[in-house]
Amino acid sequence: RYRIFLSDKLGFYAGIGPFYEFERWNYDGVRDELVPLAQSDIVEESVKVGSYLSLKWQSDFNVDLDISVYYQSKFDELIISPRLANSTSIKYNFTQHLGLILRYQNIYDYSPIVPIDKLYNQILLSFNVSF
């Protein structure tokens, strides 16, 4: 992890490194017409490279913004079939220890292991308690 820029209210970070990933996939989210006759879980183990850029900003109005983008790939498929992701959150701080977070996350997988949509989206609204 490398801190590109840091001030009282703003931080910009980048990181890169290898990681081990173990995934077990099933066909629960696959449309019926795409499910193969012989169904069994698919296990995928690999060493990948992951990288990210992250921007964190604290405003003077009790609002925090956090935007991060991610890139993952197997070492032998760096450009062929990466997994791209984004996480964007806005947090309103009621107090120093209590906040409300609205977060949007997405993942785009160029070649998912099972026949599912390549783009996955998620929107979360949650309370945050920190100590």
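Trainee: How many residues lie between β1 and β2 in the hairpin that they form?

Mentor: This is a predicted model, in which local features need pLDDT of at least 70 and side-chain atom pairs count only at pLDDT 80 or more, while totals for chains, interfaces and linings use all residues. Residues are numbered from 1 along each chain as its sequence is written, and side-chain values use heavy atoms, with hydrogens and water left out. β1 and β2 are strands (DSSP runs of E with at least two residues, numbered from the N terminus), and they pair in the antiparallel sense over four bridges. Between the two strands of this hairpin there are three residues.

Trainee: Which residue of β2 is the bridge partner of Leu-6?

Mentor: Two strands pair if DSSP finds at least two bridges between them. β1 and β2 have four such bridges. In β2, the partner of Leu-6 is Gly-11.

Trainee: What is the order of the strands in the open sheet?

Mentor: The sheet is open and its strands pair in an antiparallel manner. Seven strands make it up, in the order β1-β2-β3-β4-β5-β6-β7.

Trainee: Which strands stand at the edges of the sheet?

Mentor: A strand with a single partner has one side left without a neighbour in the sheet. That applies to residues 2–6 and to residues 119–129, so the edge strands are β1 and β7.

Trainee: How many bridges join β3 to β4?

Mentor: β3 also pairs with β2, in the antiparallel sense and over 16 bridges; there, Leu-10 has as its partner in β3 the residue Trp-57. With β4, one bridge links Gly-50 to Gln-72. β3 covers residues 42–58 and β4 residues 63–74, and the number of bridges joining these antiparallel strands is eleven.

Trainee: Why is the aromatic pair of Tyr-52 and Tyr-70 described as tilted?

Mentor: The structure holds three aromatic pairs. Rings of Phe, Tyr and Trp (its six-membered ring) pair if their centres lie within 6.5 Å, and planes under 30 degrees apart count as stacked, over 60 as edge-to-face and the rest as tilted. For Tyr-52 and Tyr-70 the centres are 6.2 Å apart and the planes stand at 35°, so the pair is tilted.

Trainee: How far apart in sequence are the parts that this pair of Tyr-52 and Tyr-70 ties together?

Mentor: Tyr-52 is partly exposed at a relative accessible area of 25%, and Tyr-70 is partly exposed at 36%; buried means under 20%, exposed over 50%, and partly exposed in between, with a 1.4 Å probe and protein chains only. Tyr-52 belongs to β3 and Tyr-70 to β4, so the parts tied together lie apart by 18 residues.

Trainee: What is the angle between the ring planes of Tyr-108 and Tyr-110?

Mentor: Tyr-108 is partly exposed, at 29%, and Tyr-110 is partly exposed as well, at 37%. Their rings form an edge-to-face pair, 5.0 Å centre to centre, with an angle between the planes of 90°.

Trainee: Over the ring of which residue does the charged end of Arg-1 sit?

Mentor: A charge sits over a ring if NZ of Lys or CZ of Arg is within 6 Å of the ring centre and within 35 degrees of the ring normal. The charged end of Arg-1 is 4.3 Å from the centre of the ring of Tyr-13.

Trainee: What distance separates the C-alpha atoms of Lys-91 and Asn-128?

Mentor: Lys-91 has its place in strand β5 and counts as buried, at 18% relative accessibility. Asn-128 is 37 residues from Lys-91 along the chain, and the C-alpha atoms of the two are separated by 8.6 Å.
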